[in-house]
Amino acid sequence: MPPKFKRHLNDDDVTGSVKSERVRPAGPRFGPRNDKIRHVQNQVDEVIDVMQENITKVIERGERLDDLQDKSESLSDNATAFSNRSKQLRRQMWWRGCKMKALVALVAVVLLLVIISKY
């Protein structure tokens, strides 16, 4: 007996397309039994369609997860760079503060020397 279902792959479909083809019995129709077979075949076709949609959704979800992972890695890299730059800026500002304090102290000492030397 030939296979009940055949698998057809489309070039434009990533997941592939599964199309069922019912094998028609040779000879007269079988009445209620044929209706049951047709009903089961329709249910199988519906399940195949649902599974194809599910597979497509899973593939799309995987792509979105990859994009999200790339963005999170980029954010992590940017956060590290920002942290390094902020530490460097903090050191620069600390040194500027030290230089200003030293300059103010030097001016105060010079003023004191000038005042003391006049008296």
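The following legends describe close-up views of a predicted model.

**Figure 1. Overall arrangement of the predicted chain.** The chain contains 1 helix and 2 strands. Read from the N terminus, these elements follow the order β-β-α. The helix, α1, comprises residues 32–118. Of the 119 residues in the chain, 6% are classed as buried. The accessible surface of the chain amounts to about 10900 Å², of which carbon and sulfur atoms contribute 61%. Among contacts in the chain with a separation of 6 or more, 33% are made by residues 24 or more positions apart.

**Figure 2. The salt bridge between Arg-38 and Asp-35.** A search of the whole structure yields 1 salt bridge. Its partners are the side chains of Arg-38 and Asp-35, with an N to O distance of 3.6 Å. Because the cut-off for such a pair is 4 Å between a side-chain nitrogen of Lys or Arg and a carboxyl oxygen of Asp or Glu, the distance of 3.6 Å qualifies. Both residues belong to helix α1, where they are 3 residues apart, about one turn of the helix. Arg-38 is partly exposed, its relative accessible area being 32%. Asp-35 is likewise partly exposed, at 44%. Side chains of opposite charge can pair when their charged atoms come close.

**Figure 3. The aromatic pair of Trp-94 and Trp-95.** The structure holds 1 aromatic pair. Trp-94 and Trp-95 form this pair in an edge-to-face arrangement, with 4.9 Å from centre to centre and 75° between the planes. The pair is classed as edge-to-face because its planes are over 60 degrees apart. Trp-94 counts as exposed, with a relative accessibility of 52%.

**Figure 4. The span annotated as a transmembrane region.** In an unreviewed entry, UniProt lists residues 100–117 under "transmembrane region". In the predicted model, this span is 100% helix and 0% strand. The C-alpha atoms at the two ends of residues 100–117 are 25 Å apart.

**Figure 5. A nonpolar surface patch that includes Met-100.** The patch is formed by Met-100, Leu-103, Leu-106, Val-107, Val-110, Leu-111, Val-114, Ile-115 and Tyr-119. Together, these residues present about 940 Å² of accessible area. Met-100 lies in helix α1. With a relative accessible area of 52%, Met-100 is exposed. Met-100 therefore satisfies the accessibility criterion for patch membership, which requires over 30% relative accessible area.

Conventions:
Residues numbered from 1 in each chain as written. Predicted model: local features only at pLDDT ≥ 70, side-chain atom pairs only at ≥ 80, totals over all residues. Heavy atoms only, no water. Helix = DSSP H or I, 4+ residues; strand = E, 2+ residues; numbered from the N terminus. Buried < 20%, exposed > 50% of the residue type's maximum accessible area, 1.4 Å probe, protein only. UniProt positions renumbered as here; feature names shortened; annotations may be inferred. Patch = residues over 30% accessible without salt bridge, like charges linked within 9 Å, V, L, I, M, F, W, Y side chains within 5 Å. Areas by Shrake-Rupley, 256 points an atom, 1.4 Å probe, with all protein chains shown as cover. Phe/Tyr/Trp six-rings, centres within 6.5 Å; stacked < 30°, edge-to-face > 60°. Contact = heavy atoms within 4.5 Å.
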